[in-house]
Amino acid sequence: MTQLALVIDLNVCVGCHACVTSCKEWNTSGWAGPLADQNPYDGSPTGTFFNRVQTFEVGKFPRTETVHFPKSCLHCEEPPCVPVCPTGASYKRPDNGIVLVDYDKCIGCKYCSWACPYGARELDELQQVMKKCTLCIDRITDAKLSDRDRKPSCVLACPASARLFGDVHDPDSEVSIAIRERGGYQLMPEWSTKPSNHYLPRRKTVMHIGQDELTRVDNPLRKEDLTTYTGEETLDDVAW
Amino acid sequence: MHPTFSVIFLTTLIGAGQGLFLAMVTGQLYAIARFLPAQTDQFYAIGSLVALVLLVTGLLASFFHLGHPERAWRAATKWRTSWLSREVIVLPIVMFLVFAYGAAHWLGLTMPLFRVGESLQVDATLLLGLFGTIASFALFVCTAMIYGGVRFIQEWHTPLTVTNFLFLGAASGFMLAAAYSAYISNPLVTFFGTWAVILTLTGLASRSAHLVRNAQMKYKSTVQTAIGVRHTVIAQKAQGATGGSFNTREFFHGQKQTTIETVRLLFMVLVFPIPILLIGAAYITSSPTLPILAFVIQYVGLMAERWSFFAEAKHPQNLYYQSVA
């Protein structure tokens, strides 16, 4: 079975929000209607987004590091938002595992958002239906696009290639290898929702240099001196 | 969680409606057993009508919670998995049975259909009352499990949510039955008042246990599991929006802690001691107005109780929305 998902490398993400704007641009211009905003150019702008980049500071100054954390629907393998939907508007696609909302069936009761521990779902205040990341379902299923373009727009937009996209059930896919070999983890594993999206952890690049590496025993550039003798027996003293 | 008045009205109104219907059926059962004087059919019919009005008003209030009320009929489809869907199915069934029970009394359909044992004459009203009672209990469970079934909101995810909805709804219904009896100078006011006090005390035990449990809550999710970074000091610096989002509007009550504590104190006073004292005073003075006052005060208290129920619930998604910038 296929389970499409994103793998996000927190070691690479620079927090530029290119995935956010690219996601918004693609998904607000599609057939499903706009992702509505309120007061977009006023003091307190707010609106519907599928993807947000948050920033956390880890540690106490001066030993701190900044973690930029892109957050969107994790397309759980056990999505808790789906069974609670009273109308069946929320569903998980059997062919590729993407969790979607049928905007024509959604009654806007917000119950699915209560049942998502990640806060991945947002109600569109204009259309009054629940919206969430679709992994750009209209792009990735569009056979007219080239293979290079059949990816979610956030993945294509990321200038640092921090976002990988693929089938996490295929052990040989790029995303599976990244999860396996680079310590990919899931968010809030305590709820056993089995999120399909994984995150790759921050890794410090540290060089370990020992003293022996600084002074090479066979250093060819070592300065050679005349040996000074202080009366000990040398080869010259050998009686032939 | 953000307390929504549509849901507060829905749960408190249908709770009182179901409770009043249960009170009517209880009264009829006691009358059949000759523990109470038999009442006129009109007494049950008007009582059922009031219960029906409460149920319909609650249903209307619930529509204000929906973004697309015109599609509400779709909500009956996923009853296999969704408690919300189950409530959408059971609520009209209860409304129909309450209507039928009242109508059967009004039309005098009290000809015995069959007999059980020596003395129990089963008529249409008794059968409808029995089915309505079962449906009312099912509706209490469905309504409460909408909240109790959300495992992420640990404050709600407990059987105490179900017992709270059941006992507090039934208490307000019996209180209303006492008020109704007092209004029409019916001697049943003492009977309904006694049951209302018993149910209110049971509700007090259940709600207090709920408050004690929630005060000792250990949360499963932390900011460490939320973003997967192992460090004791993690502070949010940006949440991806400066003007708020659905996530900040729906899952935060936005009130001061003192307001939360005041409302909690308010409902603990309005729901439990004052109505009990008023019913006690009404028993001593045979006052026709005190039971009505007791019901109104308890109902206002129950709205505060439901508000507090929402405000005290902390959703794990809030870990991602701790500060704006």
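Here is a chat about how the two chains of this predicted model fit together and what some of their sheets and helices look like.

Q: Hi! Let's start where the chains meet: how many residues of chain A are in contact with chain B?
A: Hello! There are 49 residues of chain A in contact with 45 residues of chain B.

Q: Which elements of chain A supply at least two residues each to the side that touches chain B?
A: Those are strand S4 (51-58), strand S5 (65-72), helix H2 (81-84), helix H3 (111-114) and strand S8 (122-124) of chain A. The largest share, 7 residues, comes from S4(A).

Q: And how do the residues on that side of chain A divide into nonpolar, polar and charged?
A: For the side of chain A that touches chain B, the split is 29 nonpolar, 12 polar and 8 charged.

Q: Back to S4(A): in what sense does it pair with S3 of chain B, parallel or antiparallel?
A: Antiparallel, over 4 bridges, with S3(B) covering residues 234-238. If you want a spot to click on, Phe56(A) has Gln236(B) in S3(B) as its bridge partner.

Q: Nice, what is the strand order in the sheet with S4(A) and S3(B)?
A: The order is S5(A)-S4(A)-S3(B), an open sheet of 3 strands with antiparallel pairing. S5 of chain A and S3 of chain B are the edge strands, each pairing on one side only. Neighbouring strands in this sheet are turned by 35 degrees against each other on average, direction ignored.

Q: Which helix lies across S4 and S5 of chain A?
A: That's helix H1 of chain A, residues 18-28, and it runs at about 165 degrees to S4(A).

Q: Switching sheets: what about the one with S10, S1 and S11 of chain A, how are its strands ordered?
A: This open sheet of 3 strands goes S10-S1-S11 in chain A, and its pairing is mixed. Strand S10 (163-167) and strand S11 (198-200) stand at the edges with a single partner strand each, so one side of each has no neighbour in the sheet. From one strand to the next, the twist averages 25 degrees.

Q: What makes up the mixed pairing around S1(A)?
A: S1(A), residues 4-9, pairs with S11(A) in the parallel sense over 3 bridges. With S10(A), S1(A) pairs in the antiparallel sense over 5 bridges. On the S11(A) side, Asp9(A) stands opposite Leu200(A). On the S10(A) side, the bridge partner of Leu4(A) is Asp167(A).

Q: How many residues of S10(A) are buried?
A: 4 of its 5 residues are buried, so S10(A) is largely enclosed by the rest of the structure. Helix H6 of chain A, residues 174-181, lies across S1, S10 and S11 of chain A, at about 115 degrees to S10(A).

Q: Let me jump to Asp37(A): where is it found?
A: Asp37(A) is in strand S2 of chain A, residues 37-38.

Q: Why does Asp37(A) count as partly exposed?
A: Because 18 other C-beta atoms lie within 10 Å of Asp37(A), while a buried residue needs 20 or more and an exposed one has 12 or fewer. Leaving aside neighbours within four places in sequence, Asp37(A) is in contact with Pro45(A) and Gly47(A). Lys24(A) is 13 residues from Asp37(A) in sequence and 11 Å away in space, C-alpha to C-alpha.

Q: Now chain B's helices: at what angle do H3(B) and H4(B) pack?
A: Helix H3 (residues 83-106) and helix H4 (residues 124-148) of chain B pack at about 155 degrees, with their axes 8 Å apart. H3(B) and H4(B) are therefore roughly antiparallel to each other, and their crossing is left-handed. Their contact has 20 nonpolar, 6 polar and 2 charged residues.

Q: And how do H1(B) and H5(B) cross?
A: The axes of H1(B), residues 5-32, and H5(B), residues 159-183, come within 6 Å and cross at roughly 60 degrees. That crossing of H1(B) and H5(B) is right-handed.

Q: Which residues make the contact between H1(B) and H5(B)?
A: Among them are Gly15(B), Ala16(B), Gly19(B) and Ala23(B) of H1(B), along with Gly169(B), Ala170(B), Gly173(B) and Ala177(B) of H5(B). By class, the contact of H1(B) with H5(B) has 12 nonpolar, 7 polar and no charged residues.

Technical notes. Residues numbered from 1 in each chain as written. Chains lettered and ligands numbered in written order. Predicted model: local features only at pLDDT ≥ 70, side-chain atom pairs only at ≥ 80, totals over all residues. Contact = placed C-beta atoms within 7 Å. Nonpolar A, V, L, I, M, F, W, Y, C, P; charged D, E, K, R; others polar. Pairing = 2+ DSSP bridges. Axes fitted to C-alpha atoms, helices over the stretch in contact; angles between N-to-C directions. Parallel < 35°, antiparallel > 145°, perpendicular 65-115°, else oblique. Left-handed = near helix turned anticlockwise from the far one by under 90°.
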